[in-house]
Amino acid sequence: MALLGGGDCAAPALCLLIVCITTVFSFSQGVQEEHPAEYRYPFIRPASTFSSQPLTAAYDYIIVGGGTAGCPLAATLSRNYTVLLLERGGTPFANANVSFMENFHISLADISPTSASQMFISTDGVFNSRARVLGGGTCINAGFYTRASASYVKSVGWDDKLVNESYPWVEDQIVHRPDLVPWQKTVRDSLVEIGISPFNGFTYDHLYGTKVGGTIFDRFGRRHTAAELLASANPQNLHVLVHASVQKIVFDTKTTGKNPRAVGVIFKDENGKTHKAILSKRQGSEIIVSSGAIGSPHLLLLSGIGPKKDLEKFNIPVVLDNKFVGKGMSDNPLNTIFVPSKTPVKQSLIQTVGITKLGVYIEASSGFGQSSDSIHCDHGIASAEIGQLSTIPPKQRTHEAIHEYKRQKKKLPHEAFKGGFILEKIAMPLSKGEIKLSNTVIEDNPSVTFNYFSHPDDLARCVDGIRVVEKMLKSKHFSEYAQLDQDTVDKLLNMSVHANVNLIPRHTNDTSSLEQFCKDTVITIWHYHGGCHVGKVVAPDYRVIGVDRLRVIDGSTFKDSPGTNPQATVMMMGRYMGVKILRERLGKEAGV
């Protein structure tokens, strides 16, 4: 039970992420050159063009981060005000690694500076990725679209009516109903058979039982991202700069007795030249940080907002001493089971989900994304199959282990690379970590700790989840779907230690054994959140506490990840807050 390396095969999609280094190199090189379709919209330009922009005097809103929340937020605010959207990465539009489901794993395995993803390794030893592209996480994720529960919306304090207006705004533009492949049907039927019921059919809603959710991949396997929501913008009011790496927020701290006031940002363009963007002095103008759960607290720290002791260690002038910045980080731990099949399995990412009452979600992926030659290839360091080495405890996932895996992989039977994964994810982890500075370079990753399974309740839920998956594999639907001869099973089990391949733990009635298995095989599904919590770093309206004209609007403000997969709610949040801000400033004249 765990990630399996993929070969003939090409990796079973969500968890293998296999790719030859030569393939990664050629793809990453290919997206470096400017393509006629790269910018798509006339308001998107390279950061180096900033000095020639007509509106550079001042903007009503400067949004830092053109990601899952930043794009819908910018599109909405531009309806009535001038907006500058700054994105550190490039565009997704002409990037084949982003655009096609068959290349899903390539962006994650590509560790070149131009990749749409930026790899980081938490101090826990788990390999992870963060987006570095216009559209953010919607460009590199598995595409599943599902809303937050009604209880989640209530707990956050959002206006239910506006929430239910904001979700469809996203859905009408980029969300699709998936064509369910046989693997996903088997997962669906086995979930219902073992009691994860009722079957709620196709729905965006978060309901206990089993359901089919939406996807941002269309029927041709082409991805539609948050960047496409910019099509709803007022092109006269919006400027989007890509390859614009914001170094810090600029504050006016000279007025005694008043809060520091955000006045602009410093950013570097693709050539390394420094620019300064200025915020309008008009009342209501704001800088909004939407750089994600890693990027937003990181930028606040480098701008002088955070624990005074930590800032002084790096000689960062303290704008506001707030001990909570970067604290309360969480990631939803994931453990997986690979199910081999005698016959090839059609590629799918997440389409079906089981929402249990045990505090775990069950999802699935399947199929191959590479050629039969990939079993003999070298691999990108960030691919889940070798970078995470999930049969090896996190702290032992070394480069040496990766090389040993590559040697062993060639000896595996091809059946090892035909099949799919069942994914078991903890719903609302109680284990907490933090983000801390490792240097003062914004382009580098900060130090990130999640403390997976440090809370005993998380561990207990993982054990429950594994037992749910075991019941699924014993159901009649899986017994009919995937049958391997004993010789192949024996080969897989015998090679599991060296080759990162195994099935389910042999002692599933032994709780202590399963607990250790959870710890040793933990990986990520990229749903990390926190670092700028409401009530500690930001107020309920997402204004930064103790600072004027500055907000944070993204997943860093979440205490828990919404729904089974958060992208729907993060995009909704961008639209929701854009509408809310316009209505607060303009009332009915906002027109939204």
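Trainee: Which residues does S232 touch, leaving out those up to four places away in sequence?
Mentor: S232 touches A75, W169 and Q173 on that count. Bear in mind that this is a predicted model.

Trainee: What does the side chain of S232 do with the side chain of Q173?
Mentor: The two side chains make a polar contact, at 2.7 Å.

Trainee: And how far apart are the C-alpha atoms of S232 and Q173?
Mentor: Their C-alpha atoms are separated by 9.2 Å, while the two residues are 59 residues apart along the chain.

Trainee: Where is S232 found?
Mentor: S232 sits in the loop between β9 (214–215) and β10 (238–242).

Trainee: Is S232 buried, partly exposed or exposed?
Mentor: S232 is partly exposed, since its relative accessible area is 36% and the partly exposed class lies between 20% and 50%.

Trainee: Switching to cysteines. How many disulfides does the structure hold?
Mentor: One. The disulfide joins C462 to C518, with an S to S distance of 2.1 Å.

Trainee: Which parts does the pair tie together?
Mentor: C462 lies in helix α13 (residues 456–473) and C518 in helix α17 (residues 511–521), so the disulfide ties together parts that are 56 residues apart in sequence.

Trainee: Left-handed or right-handed?
Mentor: The torsion about the S-S bond of C462 and C518 is about -100°, so the disulfide is left-handed.

Trainee: Are C462 and C518 buried or exposed?
Mentor: C462 is buried, and C518 is buried too.

Trainee: What about C71, how far away is the nearest cysteine sulfur?
Mentor: The nearest cysteine sulfur to C71 is that of C139, 7.9 Å away, and C71 is in no disulfide. The cut-off for a disulfide is a pair of cysteine sulfur atoms within 2.5 Å.

Trainee: Is C71 buried or exposed?
Mentor: C71 is buried, with a relative accessible area of 0%. C532 also counts as buried, at 0% relative accessibility.

Trainee: Backbone next. Is the peptide bond from S197 to P198 cis or trans?
Mentor: The bond from S197 to P198 is cis, and its omega is near 5°. P198 is placed in the loop between α8 (182–193) and β7 (199–202).

Trainee: What is phi of W526?
Mentor: Phi of W526 is near 65°, which is a positive value in a residue other than glycine. W526 is found in the loop between β24 (523–524) and β25 (550–552).

Trainee: And phi of Y542?
Mentor: Phi of Y542 is near 70°, again a positive value in a residue other than glycine. Y542 has its place in the loop between β24 and β25.

Trainee: Is Y542 buried or exposed?
Mentor: Y542 counts as buried, at 3% relative accessibility.

Trainee: On to charges. How many salt bridges are there in the structure?
Mentor: The structure holds 12 salt bridges. One of them is between the side chains of D60 and R282, at 2.8 Å from N to O.

Trainee: Where do D60 and R282 sit in the chain?
Mentor: D60 is in the loop between β1 (44–46) and β2 (61–64), and R282 is in the loop between β13 (274–278) and β14 (286–289). The pair links distant parts of the chain, 222 residues apart.

Trainee: Is D60 buried or exposed?
Mentor: D60 counts as buried, at 4% relative accessibility. R282 is partly exposed, with a relative accessible area of 44%.

Trainee: What about R261 and D252?
Mentor: Their side chains meet in a salt bridge, 3.3 Å from N to O. R261 counts as partly exposed at 31% relative accessibility, and D252 counts as partly exposed at 22%.

Trainee: What is the N to O distance for E286 and R543?
Mentor: The side chains of E286 and R543 meet in a salt bridge at 3.2 Å, N to O. E286 lies in strand β14 and R543 in the loop between β24 and β25, so this salt bridge ties together parts that are 257 residues apart in sequence.

Trainee: Which residues do salt bridges that share partners join into one network?
Mentor: That network consists of E286, D541, R543 and R551.

Trainee: And is E286 buried or exposed?
Mentor: E286 counts as buried at 3% relative accessibility, whereas R543 is partly exposed, with a relative accessible area of 35%.

How values were computed:
Residues numbered from 1 in each chain as written. Predicted model: local features only at pLDDT ≥ 70, side-chain atom pairs only at ≥ 80, totals over all residues. Heavy atoms only, no water. Helix = DSSP H or I, 4+ residues; strand = E, 2+ residues; numbered from the N terminus. Buried < 20%, exposed > 50% of the residue type's maximum accessible area, 1.4 Å probe, protein only. Contact = heavy atoms within 4.5 Å. Polar contact = N/O pair within 3.5 Å; in protein donor to acceptor, adjacent residues only side chain to side chain. Salt bridge = Lys/Arg side-chain N within 4 Å of Asp/Glu carboxyl O.
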